[in-house]
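The following exercises concern a predicted model. Please work through each task with the sequence and structure in view before reading its solution.

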Amino acid sequence: VKQERAALLDRRVLIVTGKGGTGKTTLAAALGVCAARRGIRTVVVELGEEAALPALLAPAGARPPKGDGRTPVRVSEHLYTLRIDPEEALTEYLELELRVRTLVALLMRNQGFRRLIGAAPGWRELISLGKLWHLESRKTGNRPLWGLLIVDAPASGHGISLLSVPGVVLDTVRMGPLRRHTGRVQELLVDSARTLVVPVTLLEELPVRETRELVRGLGELGMGLGPLVANAVEPEIEVPRLDDALSLLAAQPATADAMLAPPTLAACLVRARRRRAAQQSFRRELEGELDRRAIELPFLTEGTSDRAGIERVADALERELLAGGAAA
Ligand SMILES: Nc1ncnc2c1ncn2[C@@H]1O[C@H](COP(=O)(O)OP(=O)(O)OP(=O)(O)O)[C@@H](O)[C@H]1O
Ligand SMILES: [Mg+2]
């Protein structure tokens, strides 16, 4: 397991998914920072409606870069972001296939063509994954242009439907270029030497339940599973003999004018301890069921919503990824 974790950044594609709000974007960004620190030319890819990553990863004081929607844009040394827009990716694909820009522009404006693609279920997913494959296969000389692609994927259920589209297409389209191209995308996705899915969860009832289903779904799709990441974990309270500390606090007068009255402080400690215990029991349950250890990222009170915050998450991630001195 240790080896698998150490080799995480040696893969070509990492797909981060998990329940809504569990920290997918945060983790994808932090993995990007870890890889870039190692000198790996990394693209963090997002598929959503809005581009959140340029602002999240731009160094303090720097303006978030804007791109053309096709080429990854550099945010800092070795680190790039790209939001894949399905329409833009389709236009690019058609241009590459038909090699006539003006014809493609006409086609994309044609109402009949738009209705046709509008009626094809899953084309957005397929074309986005196709773009991912294209990025993966780009070469400079005979080396890959991009060292690592990290995908901030949609939340669990949508993530699974995204990843299942190529298989569905291969089941229904028997021949032709669509089948050939989809076959290449599928080969990349199910090759665990190149692609791993990294599920992220909070240690709470619903996210844990969804993670279980997510992992089962990924297994059915034949995809390789990377480390399981438990995010925003309550740290252990570093108070020696907490019970003694609590009785000491209980013996203090509950002065109302103190900044932090002893009963308030005691209540905080008790709550944090309970929360920690509940989370750890969810962790053990999940690890037992899935038969794998979870990496823990602490809840960071300083926040994680800018580059400095992401750097802190990356520090925590590195401690976990490299625990035991295994080299990346
Ligand atoms: N370890 C952490 N400590 C403290 N805050 C965190 C941590 N991880 C994430 N957060 C915060 O939790 C919120 C949700 O995180 P994030 O946006 O990464 O989740 P998400 O899974 O991408 O959400 P969505 O499903 O909406 O895309 C953000 O405000 C983020 O800053
Ligand atoms: Mg997100």
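**Exercise 1: Strand β2 and its partners**

Task: Identify the residue of β4 that is the bridge partner of V45, and then describe the surroundings of strand β2.

Solution.

Step 1. Within β4, V45 has L82 as its bridge partner.

Step 2. Consider next the pairing of the two strands. Strand β4 spans residues 79–83, and it runs parallel to β2, to which 5 bridges join it.

Step 3. A further partner is strand β7, residues 148–152, which pairs with β2 in the parallel sense over 5 bridges. In β7, V151 is the bridge partner of V45.

Step 4. Now examine how well β2 is covered. The strand comprises residues 42–46, and 5 of its 5 residues are buried.

Step 5. Assign these residues to the faces of the strand. T42, V44 and E46 lie on one side, V43 and V45 lie on the other, and all are buried. Both faces of β2 are thus covered.

**Exercise 2: A glycine in a helix**

Task: Determine which helix contains G217, and decide whether G217 is buried or exposed.

Solution.

Step 1. The helix that contains G217 is α10, residues 205–221.

Step 2. The relative accessible area of G217 is 15%. The cut-off for a buried residue is under 20%, so G217 counts as buried.

Step 3. Relate G217 to another position in the chain. G159 is 58 residues apart from G217 along the chain, and the C-alpha atoms of the two are separated by 10.0 Å.

**Exercise 3: The surroundings of ligand 1**

Task: State how many residues surround ligand 1, and find which polar atoms of G21, K24 and T304 lie by its oxygen atoms.

Solution.

Step 1. Ligand 1 is surrounded by 13 residues, of which the closest are K24, T25, T26, L300 and T304.

Step 2. Sort the shell by class. It holds 4 nonpolar, 8 polar and 1 charged residues.

Step 3. Take the polar atoms in turn. For G21, a polar backbone atom is 2.9 Å from an oxygen atom of ligand 1. For K24, an N or O atom in the side chain is 2.7 Å from an oxygen atom of the ligand. For T304, a polar side-chain atom lies 2.6 Å from an oxygen atom of the ligand.

Step 4. Consider the cover over the ligand. Taken alone, ligand 1 exposes 630 Å², and the protein buries 65% of that area.

Step 5. Trace the shell to its elements. Those giving two or more residues are α2 (24–37) and β9 (228–233). The largest share, 3 residues, comes from α2.

Conventions
Residues numbered from 1 in each chain as written. Chains lettered and ligands numbered in written order. Predicted model: local features only at pLDDT ≥ 70, side-chain atom pairs only at ≥ 80, totals over all residues. Heavy atoms only, no water. Buried < 20%, exposed > 50% of the residue type's maximum accessible area, 1.4 Å probe, protein only. Helix = DSSP H or I, 4+ residues; strand = E, 2+ residues; numbered from the N terminus. Pairing = 2+ DSSP bridges. Near = heavy atom within 4 Å. Polar contact = N/O pair within 3.5 Å; in protein donor to acceptor, adjacent residues only side chain to side chain. Areas by Shrake-Rupley, 256 points an atom, 1.4 Å probe, with all protein chains shown as cover. Nonpolar A, V, L, I, M, F, W, Y, C, P; charged D, E, K, R; others polar.
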